Amino acid sequence: MAKDKKLIKPLATGDKTIPPEGAKMIPIYIMGREYVVPETLTIMKATEYAGYQYMRGCGCRGGICGACGTFYRFLGDYKLKSGLACQTVVQPNMVIAQLPFFPSNRPSYNLEKLVPAGIKQGMENSPHEELRRLYPEVFKCVGCGTCTRTCPMDIDVMDYIALMKRGDLKGAAIKSFDCVMCGLCASRCPAQISQFTAAMFVRRLYGKYVLPAAEHLKKRVEAVKSGKYLKMLDELAKKSTDELKKLYTEREREPDMTEPGKWMPKDVSHL
Ligand code: SF4
Ligand code: SF4
Ligand code: FES
């Protein structure tokens, strides 16, 4: 236990993380074992500092990929908390367990064949009906709000589920847009709903059948298919690591705070 100093054994510094000089050391518990780590680290870095190596459950390290969903409690506190390991800073007496993967409901479907052209006239198999067919559990939501309280992205998950139930697929698609697919909401749902995969389905439906087609995307896909970028890729593949680093660091960058769609690089030959 943390209060028993005899049991706290400071570990040698791991090879991944160098803590800031003078950082205070605090006790935490990873997978049931006690470690002493610098208080400035995220859960992810503290875990590496303690000597673990991530093989799964770690991706972008920047709060985007959703690979590092984590649950934790504090000693003496009954409340279960959640967050992303790469974004949540450790605190004394945290008891941590990372969720490397959560089995969710992922029914198979072919988006091309799901809904016929008449969907907008409210035909029998409208997108809402498709949602009901593939994710019937969505309609069993009991409105407990646990998913919303669990979401590390501060998304009102319960609300997008309510929008889905009402058939407001546009609202649900927009409201769930920031989802990073960590699965934490689904892991706690008493109705066993996989909110995030249902939301992905709704966004796909909305993008394919409701939003107007993006013309610029169509042009880009045609350019890719025509082989326009193959020569460039080939040239890049032949470069050394140092040459690639130089290219990357010297590239023309979009200035901060540019209005969307207003900036173009001087050299457009690669677009
Ligand atoms: S909606 Fe669910 S899967 Fe998406 S970020 Fe929030 S908790 Fe994670
Ligand atoms: S946790 Fe499940 S049952 Fe509770 S509000 Fe969220 S979706 Fe509904
Ligand atoms: S590693 Fe990608 S969100 Fe944490």
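This is a short dialogue on reading a predicted model with two ligands.

Biologist: What does the secondary structure of the chain come to?

Modeller: Start with the elements. In this chain there are 11 helices and five strands.

Biologist: How many residues are in the chain, and what share is buried?

Modeller: Burial is a matter of counting neighbours. A residue is buried if 20 or more other C-beta atoms lie within 10 Å of its own. The chain has 271 residues, and 25% of them are buried.

Biologist: Which contacts join residues at least 24 apart?

Modeller: Look at separation in sequence. Take the contacts between residues at least 6 apart; 60% of these join residues at least 24 apart.

Biologist: Now the ligands. Which residues come nearest to ligand 1?

Modeller: Read a shell by its nearest members, then by its elements. Ligand 1 has 15 residues around it, and the nearest are Cys151, Cys179, Cys182, Cys185 and Phe196. Helix 7 (184-187) and helix 8 (195-210) each give at least two residues to this shell.

Biologist: And which residues are closest to ligand 2?

Modeller: Cys141, Cys144, Cys147, Met158 and Cys189 are the closest of the 15 residues that surround ligand 2. Two or more residues each come from helix 4 (146-150) and helix 5 (157-166). Helix 5 supplies the most, three residues.

Biologist: How do the residues of the shell around ligand 1 divide?

Modeller: Sort them by side-chain class. Cys counts as nonpolar here. The shell around ligand 1 holds 11 nonpolar residues, four polar and no charged. For ligand 2, the shell likewise has 11 nonpolar, four polar and no charged residues.

Methods: Residues are numbered from 1 along each chain as its sequence is written. Chains are lettered from A and ligands numbered from 1 in the order in which they are written. This is a predicted model: local features need pLDDT of at least 70, side-chain atom pairs count only at pLDDT 80 or more; totals for chains, interfaces and linings use all residues. A residue is near a molecule or strand if its C-beta atom, placed from the backbone, lies within 6 Å of it. Helices (H or I, at least four residues) and strands (E, at least two) are DSSP runs, numbered from the N terminus. A residue is buried if 20 or more other C-beta atoms lie within 10 Å of its own, exposed if 12 or fewer, and partly exposed in between; C-beta atoms are placed from the backbone. Two residues are in contact if their C-beta atoms, placed from the backbone, lie within 7 Å.
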